[in-house]
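Work through the following exercises with the sequence and the model side by side. Each task is followed by a solution that goes step by step.

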Amino acid sequence: MSTLLIEGATVITVDSDNRIFAPGDIICADGRLAYVGPPQHHQPGEFDQVLSGQGMVVLPGLVNAHTHAAMTLFRSYADDLALQPWLKEKIWPLEAKLTPEAVYWGALLACLEMMEAGVTTFADMYFFMEETATAVRESGLRADLSVGMTGLDPKAGEKSLGQAAEFVQSFHGTAEGRVSCRLGPHAPYTCPRPFLLQVVKTAQELSCGLHIHLAETKLEVEELRKETGLTPIQFYHSVLQEVGPIPTIAAHCVHVNEEDIKLLAANGIGVAHNPGSNLKLASGIAPLIALMDKGVAVGLGTDGAASNNNLDVLEEARLAALVHKCASSDPTAIPAQAALRLATMGGAEALGLQEQIGSLEVGKQADLIVLREDSPHLSPRHDIVSRIIYSARAADVELVMVGGEIVVKQGRALTLNRDVIMSQVQRIVEETW
């Protein structure tokens, strides 16, 4: 059994009591957290590896609750557009040209970017998901993966559902258990009721969950109301009523009413809040405070790099705090501690992984990140949580550990070759469009 000690760091647990140990020690054994607390006396040679935490802050690994990893290929390609023309005129035509190789390299670029920014777990929905699963395995990250599907063409929808089911059966639990799998129906406006019902039934048969976009834009809500008399949340709930509850990640949930929020809570649906993407596409501001007040599990997502344009969850946490202070005219609305919880434990809860990750507690997976405190923008050392949310940057990440394995050291990924990845991505982009 391998053991590792991080000693003398400032340890922010994000547990139920929001305990902070300054200084504190962390012991990792066999991939899990064996001790988190005040400094202890240790014998020389007691651990296989000892890391000094002096001048460092240790946090739970960040969770990106919604993204499309391989869309790093589209970063800066289609900016300053509304969602529907962005999708129909720019993104979908290029996605039709994607190959498994392109998705592989795009996903590797996303993994590289996320891990060096302190993300240890991400939830992804896209195409050629086998390639993303390979990228996750090679990177050492943890991921919840879904094959994206649409059902406007019944035959194509049936085929994609079959492929998605095969993916779940083949890849769930792979990469030493770091990969979990779901089905990924895109949204109610691309998945008619008969198709969505079949997806939900298949998820029940496979004992897996779903990852779906819900209520992202006003237009989506208005058109579905005209067609069905239901909001996207009500529409999805009506499908679940025929089958039973299914663990679900619902991305966005921007335009939701009080009844929608009650349905989200009643169905145990986790929401991925994407403030950066929603602001950039002018989709709106999700009612985060109301969602949290009603007990909905909410995490933070970046969405794809085509609509953000980065995969920086620390930035999303800062945006979440700032945007909702302004939207509610209340500077106390989302304090720094709440924003940090959204980026860690909130994301774990939205993905149904709260027993495994999201906080630094004994028995959980040793998924953690270490930030340097020696930068001018983090000085002087007043409240540490406030400094992380309002001042820290992705570049402050010094070390990243997933399941007890160090995957980033001195700010650079150990498991991936950054020069090769960026070169291959540029080659693919130039060859494809």
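**Exercise 1.** Decide whether His252 is buried or exposed, and describe its backbone and its place.

Solution. Begin with accessibility: His252 has a relative accessible area of 0% and is therefore buried, where buried means under 20% relative accessible area, exposed over 50% and partly exposed in between, with a 1.4 Å probe and protein chains only. Next take the backbone, where His252 has a positive phi of about 90 degrees although it is not a glycine. Finally locate the residue: His252 is in strand 11, strands (E, at least two residues) and helices (H or I, at least four) being DSSP runs numbered from the N terminus. This is a predicted model, in which local features need pLDDT of at least 70 and side-chain atom pairs count only at pLDDT 80 or more, whereas totals for chains, interfaces and linings use all residues. Residues are numbered from 1 along each chain as its sequence is written, and side-chain values use heavy atoms, with hydrogens and water left out.

**Exercise 2.** Give the place of Ala175 and state its phi.

Solution. Ala175 lies in the loop between helix 4 and strand 9. Its phi is positive, about 55 degrees, although Ala175 is not a glycine. Ala175 is also buried, with a relative accessible area of 10%.

**Exercise 3.** Follow strand 12 through its pairing partners, and then through the sheet that holds it.

Solution. Start with one neighbour: strand 11 and strand 12 pair in the parallel sense over three bridges, pairing being assigned if DSSP finds at least two bridges between two strands. In this pairing Ala251 stands opposite Ala272 in strand 12. Then turn to the other neighbour, where three bridges join strand 12 (residues 270-273) to strand 13, again in parallel, and Ala272 stands opposite Gly299 in strand 13. Both faces of strand 12 are covered, since Gly270 and Ala272 on one side and Val271 and His273 on the other are all buried.

Now widen the view: eight strands form an open sheet in the order 6-7-8-9-10-11-12-13, with parallel pairing. Strand 6 (62-67) and strand 13 (298-300) are the edge strands, each pairing on one side only. Neighbouring strands of this sheet are turned by 25 degrees against each other on average, direction ignored.

**Exercise 4.** Which strands does helix 2 lie across, and how does helix 2 meet helix 3?

Solution. First the sheet: helix 2 lies across strand 6 and strand 7 (119-126), and runs at about 150 degrees to strand 7; axes are lines fitted to C-alpha atoms, for helices over the stretch in contact, and angles run from 0 to 180 degrees between N-to-C directions. Helix 4 (residues 154-171) also packs on the sheet, touching strand 8 (142-149) and strand 9 (179-185), and its direction makes about 170 degrees with that of strand 9.

Then the helix pair: the axes of helix 2 and helix 3 (residues 129-139) come within 8 Å and cross at roughly 35 degrees. The contact, meaning heavy atoms within 4.5 Å, includes Val103, Tyr104 and Ala107 of helix 2 and Thr132, Ala135 and Val136 of helix 3.

**Exercise 5.** How many residues of helix 7 are buried, and what covers them?

Solution. Helix 7 (residues 232-243) has 12 residues and reaches 17 Å from its first C-alpha to its last, close to the 16 Å expected at 1.5 Å a residue, a span taken as 1.5 Å times one less than the number of residues. Of its 12 residues, 10 are buried, including Pro232, Phe235, Tyr236 and His237. Their cover includes helix 5 (193-206), strand 10 (209-214), helix 6 (218-228), strand 11 (248-252) and helix 8 (258-266). After helix 7 comes Gly244, whose phi is positive, near 125 degrees.

**Exercise 6.** Identify the residues that touch the most other members of the largest nonpolar core.

Solution. A nonpolar core is a set of buried Ala, Val, Leu, Ile, Met, Phe, Trp, Tyr and Cys residues joined through side-chain atoms within 4.5 Å. The largest has 119 residues, among which Ile12, Phe74, Trp86, Phe122, Leu145, Leu183 and Tyr236 touch the most other members. Helix 2 (residues 100-116) gives the most to this core, with 12 residues. A second, separate core of 19 residues includes Ile6, Leu360, Leu368 and Leu399.
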